[in-house]
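Here are my notes on the model, set out as numbered points. Please read them with the coordinates open.

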Amino acid sequence: MPSVTTLRTALIIVLTGLLSLTATVAEAVDGVPPVGGPVVRGFDPPAQKWLSGHRGIDLSAAPGAPVFAVLAGTVSFVGRVGGTPVVVISHGDTRTTYEPVNAEVVVGQELSAGEQIGSATTGHACPGGTCLHLGWLRGQTYLDPSTLFDTGGIRLLPADALATVRQLAADRAAQLSSGSPGLLLQPVGGRIGSGFGMRMHPIFHVWRMHSGVDIGSGCRTPIRAAADGVVVGVSYDSASGHRLTINHGRLGDADLSTIYLHARSYSVHIGQHVKRGQVVGQVGSTGWSTGCHLHLSVRVNGRLVDPARYL
Ligand SMILES: [Zn+2]
Ligand SMILES: [Zn+2]
């Protein structure tokens, strides 16, 4: 297992590689975006020091999202300014400011571009939700931070486009919670006997989270792949019995995988590409099971969801 430092070094090498690639086609790009989200509010410096304006740019960032140093430099300030947690990094005659950030760096620490300095947190109101405010200064003069890195073709969103973006995000969230009926094929015929959620465990007689659905089916009934995908796991343990995991990649606007438990056996191997409906094994009663049935779990963007919403 590679260490965090190795991974971070690898990330920086990749980022540096990408940046040098980008630099050949675009210009004035030597920084790394501080967060993954788009710029939602641009640089609008006030004409006079005492007037209001926007002395930096806002990038969409969910609380907890990692924040990275835009340029290599030395941490020159970590602390609160007017109640907001701020990190400042000096780069020779300029400095970048990041807020609000739960810092994981200390003053004096030297950073490479792309190194994580902490995580985003709430506190900077912006169109569309929570943002990271990025500033760039030379002396007391505010510069436009959006010239520091390639915004990946993402232009500043006009006010009306923001409403659309927010609607799309809301639709996606609603789709995830309401599911997408028919997206997956029910792997075996039969009634869904025990659903997703808290239930009294049939063997242990205690309330436990049930991570999927149990579909009653005769022993040796063929189990079919719920969608096109690649087999990423075939294993056995005393709880799951024979266990199979198929990664379906991007499906219906989300990363999706399916997990099958308690089979008598599987007829596929790791790395094998399978088609929706292809037979991958036979129903059994291995592991913690009281009779022949298939347990199906569905993972959407890494989270277990109710499979019934996708069948
Ligand atoms: Zn701002
Ligand atoms: Zn089950």
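1. Start with Phe 68, which stands opposite Gln 116 in strand 9. This is a predicted model, so read every value below as computed from it. The pair belongs to the contact between strand 3 and strand 9 (residues 116-120), where the two strands run antiparallel and 3 bridges join them.

2. Now widen the view to the sheet around that pair. Its order is 3-9-7, an open sheet of 3 strands with antiparallel pairing. Strand 3 (66-68) and strand 7 (101-103) are the edge strands, each pairing on one side only. From one strand to the next, the twist averages 40°.

3. Strand 7 is also one end of a loop worth checking. Pro 100 sits in that loop, between strand 6 and strand 7. The peptide bond joining Glu 99 and Pro 100 is cis, with omega about -15°. Strand 6 covers residues 94-99, and the cis bond begins at Glu 99.

4. Going back along the chain from there, strand 5 and strand 6 pair over 5 bridges in the antiparallel sense. Which residue of strand 6 is the bridge partner of Ile 89? The partner is Thr 96. The hairpin of these two strands has 2 residues between them, and Gly 92 there takes a positive phi near 65°.

5. Strand 5 has a second antiparallel partner to inspect. Strand 4 (residues 73-81) is joined to strand 5 (residues 84-91) by 7 bridges. Within this pairing, Phe 77 stands opposite Val 88. The hairpin of strand 4 and strand 5 also has 2 residues between the strands. Here Gly 82 takes the positive phi, near 55°.

6. Two positive phi values fall outside glycine. Take Arg 220 to begin with: its phi is near 70°, and the residue is not a glycine. Arg 220 lies in the loop between strand 16 (213-216) and strand 17. Is Arg 220 buried or exposed? Neither label fits: Arg 220 has 14 other C-beta atoms within 10 Å, so it counts as partly exposed.

7. Next, His 262. Its phi is positive, about 75°, although His 262 is not a glycine. Where Arg 220 is in a loop, His 262 lies in a strand, namely strand 20 (residues 254-263). His 262 counts as buried because it has 23 C-beta neighbours inside 10 Å, and the cut-off for buried is 20 or more.

8. The loop that holds Arg 220 leads to strand 17, which is part of another open sheet. That sheet has 3 strands in the order 17-23-21, with antiparallel pairing. Strand 17 (222-224) and strand 21 (265-266) are its edge strands, and each pairs on one side only. Strand 17 meets strand 23 (residues 279-282) over 3 bridges, in the antiparallel sense. Ile 223 stands opposite Gly 281 in this pairing.

9. Last, the whole chain. How many helices and strands does the protein have? There are 2 helices and 25 strands. Of the 311 residues, 33% count as buried; His 262 is one of the buried residues. Contacts with a separation of 6 or more were also counted, and residues 24 or more positions apart account for 62% of them.

Conventions. Residues numbered from 1 in each chain as written. Chains lettered and ligands numbered in written order. Predicted model: local features only at pLDDT ≥ 70, side-chain atom pairs only at ≥ 80, totals over all residues. Pairing = 2+ DSSP bridges. Helix = DSSP H or I, 4+ residues; strand = E, 2+ residues; numbered from the N terminus. Axes fitted to C-alpha atoms, helices over the stretch in contact; angles between N-to-C directions. Buried ≥ 20, exposed ≤ 12 C-beta atoms within 10 Å, placed from the backbone. Contact = placed C-beta atoms within 7 Å.
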